[in-house]
Amino acid sequence: MKCLETKEAILFINKIKWATFSDAEGRVMSPNDLKKRIFYGGVDHSLHKKIWKFLLRYHAYDSTYTQMHYLSTIKKLEYETLKNHLLSISTAQSIKETQFKETKFLTDKDVVRTNLMLPFYEGDNNENVNILSHILMTYSSNNFEIGYCQGMNDFLSPIPYVMEDESETFWCYVYLMERFRPNFNHAQSGMKFLFFAL
């Protein structure tokens, strides 16, 4: 007797099913149906990097392969410019900027405690921990009205594991923070609203 597939297995997005959601030029067709299937059925691990870029709004659903490649090139240069500007700040300059100094202290303290049980982040002088630090400092330094808040490191931590690219991780984090920013402002209005709703 043939086993009936579960609803989750039917909705699960593998490479074959993913191909039915994009046209020959790379545009995602029926994004709402795709999101619904992902929500109920999940995604094959090998597709996480590709699909997360759409879910986190790094790529628009109607982007072609050419547009995606161009965007990645431009965004990489833009991130490197922001990061290099941050890294060029001398110790004397950073001491004068209290907020920068405070952000650096908090970030350095938190990133070394991020997901210590995972091999991806364990060990001294771990390059993945350094990437977290670079991204959080670059983001915070360009969003001083928020700065750095505890928990941002944990919010960011799954993205570099999936993206395997510092620039793409940064931009996915930027777009994610656009949605969840109220949870991290100093008044924590978004978080208070969530607790009130709970």
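**Nonpolar cores, aromatic pairs and the largest pocket**

In this predicted model, Phe170 counts as buried because its relative accessibility is 3%, below the 20% limit that defines a buried residue. Tyr79 is likewise buried, with a relative accessible area of 0%. These two residues form an aromatic pair, one of ten such pairs in the structure. The ring centres of Tyr79 and Phe170 lie 4.7 Å from each other, and an angle of 35 degrees between the planes makes the pair tilted. The pair links distant parts of the chain, since Tyr79 belongs to helix H5 and Phe170 to helix H11, with their positions 91 residues apart in sequence. Ring pairs also join Tyr79 and Phe170 with Trp171 and Tyr175 in a cluster.

The largest nonpolar core contains 28 residues, among which Tyr139, Met152, Ile159 and Tyr173 touch the most other members. Two or more residues of this core come from each of helix H8 (127–141), helix H9 (152–156), helix H10 (158–163) and helix H11 (166–180). Helix H11 provides the largest share, eight residues.

The contacts of two of these core members were examined beyond their neighbours within four places in sequence. Tyr139 is in contact with Ile146, Met152, Phe170, Tyr173, Val174 and Met177. Phe170, the partner of Tyr79 in the tilted pair, is thus also a contact of Tyr139. Apart from the largest core lies another core of twelve residues, including Ile13, Trp18, Ile38 and Met68.

Met152 is located in helix H9 and counts as buried because its relative accessibility is 0%. Leaving aside neighbours within four places in sequence, the contacts of Met152 are Leu136, Tyr139, Ile146, Gly147, Tyr173, Met177 and Phe184. The C-alpha atoms of Met152 and Asn183 are 9.9 Å apart in space, although 31 residues separate the two in sequence.

The largest pocket encloses about 210 Å³ of space. Its lining consists of Trp18, Ser22, Gly26, Lys49, Lys50, Lys53, Phe54, His59, Tyr65, Met68, His69 and Ser72. At least two lining residues are supplied by each of helix H4 (48–55) and helix H5 (65–87). By residue type, the lining comprises four nonpolar, five polar and three charged residues. Trp18 and Met68 appear both in this lining and in the core of twelve residues.

How values were computed. Residues numbered from 1 in each chain as written. Predicted model: local features only at pLDDT ≥ 70, side-chain atom pairs only at ≥ 80, totals over all residues. Heavy atoms only, no water. Core = buried A, V, L, I, M, F, W, Y, C linked by side-chain atoms within 4.5 Å. Buried < 20%, exposed > 50% of the residue type's maximum accessible area, 1.4 Å probe, protein only. Helix = DSSP H or I, 4+ residues; strand = E, 2+ residues; numbered from the N terminus. Contact = heavy atoms within 4.5 Å. 1 Å grid on protein atoms, 1.4 Å probe; cavity = no way out; pocket = protein on both sides within 12 Å on 5 of 7 lines; lining within 4 Å. Points joined across faces, edges and corners; volume = space filled by probe spheres on them. Nonpolar A, V, L, I, M, F, W, Y, C, P; charged D, E, K, R; others polar. Phe/Tyr/Trp six-rings, centres within 6.5 Å; stacked < 30°, edge-to-face > 60°.
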